[in-house]
Amino acid sequence: MDSQRLATASRLANIRAFHVMELAKQAAELERAGRSIIHMGIGEPDFTAAEPVVRAAEAAMRRGVTQYTGALGIHALRDAIAGYYKTAYGIDVPARRVIVTAGASGALLLACAVLVEIGAEVLMPDPSYPCNRHFVAAFDGQAKLIPSGPAERFQLTAEQVRNHWNERTAGVLLASPSNPTGTSILPDELARILAEVRARHGFAIVDEIYQGLSYDGRPVSALSLDDNVVTVNSFSKYFNMTGWRLGWLVVPDALVSEFEKVAQNLFICASAVAQHAALACFSPEALAIYDERKAEFQRRRDAIVPALEALGFSVPVKPDGAFYVYADCRGVDHPAAGDSDRLTQAMLNDAGVVLVPGLDFGPHTAREYIRISYATSMAHIEEAMRRLGKLFGRG
């Protein structure tokens with residue numbers, strides 16, 4: 001019998017493949033063929049869950065707490081997250097406003113489901129994490145990418161929000177620190193952005209999943225600036241639990257029941273075992289481990305930025321968080337300089353180093369910039385720089 005291709009929803013035209021995952025597949029093929037490949041593409045910590053968390057997961061499974069939880073998450077974890085805001089940020093966040101989710105992706109899906117109307121525009125910077133615009137598209141909204149360069153720290157500014165807001169604009173989606181740039185929105189600028197949004201009765205979703213990995217001073221959560229903001233956070237990055245798929249939202253009081261209703265229908269709940277294990281993230285033993293790992297990430301940042309500049313890359317804004325460097329590739333000594341797609345292919349195939357071109361992150365910086373993830377060991381970073389130095393005639 002002849003097979004027939006099923007028709008797909010028209011919204012899929014607005015959702016593109018994730019380029020970093022395509023590069024990872026190419027790298028895996030080269031590794032199967034016997035090549036040595038250094039991975040500096042995917043944004044995943046090389047550290048895994050801390051030992052107290054692993055022990056807590058084992059204990060939870062032995063106690064049999066593996067059934068559904070409430071859609072908002074277990075009370076103990078919501079309380080622990082609220083307490084974390086007090087110790088980490090110095091702000092009081094009521095536990096009733098905390099919603100535990102199936103990762104930050106689940107949190108962003110919930111936020112877009114609740115807030116994005118069909119046809120509504122959501123402002124975000126170009127460059128930005130590609131899935132953010134696809135979350136908006138999944139609910140038939142439209143991401144409006146605003147070109148942002150070094151002068152704006154690759155972030156939206158209040159002036160841009162003011163100039164680009166129109167009758168179709170519903171809100172903004174920000175990330176601080178950002179993927180792919182590792183840059184934060186300065187607190188005063190963030191306050192001005194939120195004021196512009198509030199004056200227009202719009203929403204602000206702020207992705208704060210990398211705030212635990214802020215290196216140059218104490219981070220400022222958007223929650224300390226505006227009670228109406230919706231913030232997204234995660235156990236994936238700072239807490240090194242990527243595959244556990246656990247995150248959270250903090251939402252305005254008036255919207256908790258609306259988020260709960262959607263969460264009940266889309267997800268039922270986040271993983272029960274992961275929730276009980278995550279309680280151990282806030283123990284003194286685990287927090288000491290995270291502090292050590294954060295210091296190691298900062299050490300890597302401080303090593304890789306000058307190493308890249310020595311190879312001919314330009315790093316116009318030093319990253320202050322996450323584990324990414326966003327580097328201008330026009331100054332390297334290679335025929336593909338200034339064409340990040342061709343250059344990353346050359347670096348993969350000729351040097352065995354996986355880096356990500358700007359294609360994923362928006363058209364404004366697509367050709368000139370690459371993203372480097374330093375979520376790997378210093379030994380791998382040093383070897384990658386040696387290989388690239390050889391490729392660019394600087395070895």
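This report looks at two helix pairs and one further helix in a predicted model.

## Helices α1 and α11

Let's begin with α1, residues 19-32, and α11, residues 340-351, whose axes come within 11 Å of each other and cross at roughly 25 degrees. Angles under 35 degrees count as roughly parallel, and α1 and α11 are therefore roughly parallel to each other. Their crossing is right-handed.

On the α1 side, the contact is made by H19, L23, Q26, A27 and L30, and on the α11 side by D341, Q345, L348 and N349. By type, these contact residues divide into 4 nonpolar, 4 polar and 1 charged.

## Helices α4 and α8

Next come α4, residues 103-115, and α8, residues 256-266: their axes come within 10 Å and cross at roughly 120 degrees. This pair is therefore oblique, and α4 passes α8 in a right-handed crossing.

Here L110, A111, A113 and V114 of α4 meet E258, F259, V262, A263 and L266 of α8. The contact holds 8 nonpolar residues, no polar ones and 1 charged.

## Helix α12 and its surroundings

Helix α12 covers residues 378-391, 14 residues in total, and reaches 20 Å from its first C-alpha to its last, close to the 20 Å expected at 1.5 Å a residue. Just after α12, have a look at G393, where phi is positive, near 70 degrees.

Which residues of α12 are buried? They are M378, I381, A384, M385, R387, L388 and G389. The elements covering these buried residues include two helices, α10 (284-310) and α11, together with the strands β1 (38-39) and β10 (353-354). Helix α11 thus appears twice in this report, as a partner of α1 and as part of the cover over α12.

Terms used
Residues numbered from 1 in each chain as written. Predicted model: local features only at pLDDT ≥ 70, side-chain atom pairs only at ≥ 80, totals over all residues. Heavy atoms only, no water. Axes fitted to C-alpha atoms, helices over the stretch in contact; angles between N-to-C directions. Helix = DSSP H or I, 4+ residues; strand = E, 2+ residues; numbered from the N terminus. Parallel < 35°, antiparallel > 145°, perpendicular 65-115°, else oblique. Left-handed = near helix turned anticlockwise from the far one by under 90°. Contact = heavy atoms within 4.5 Å. Nonpolar A, V, L, I, M, F, W, Y, C, P; charged D, E, K, R; others polar. Expected span 1.5 Å × (residues − 1). Buried < 20%, exposed > 50% of the residue type's maximum accessible area, 1.4 Å probe, protein only.
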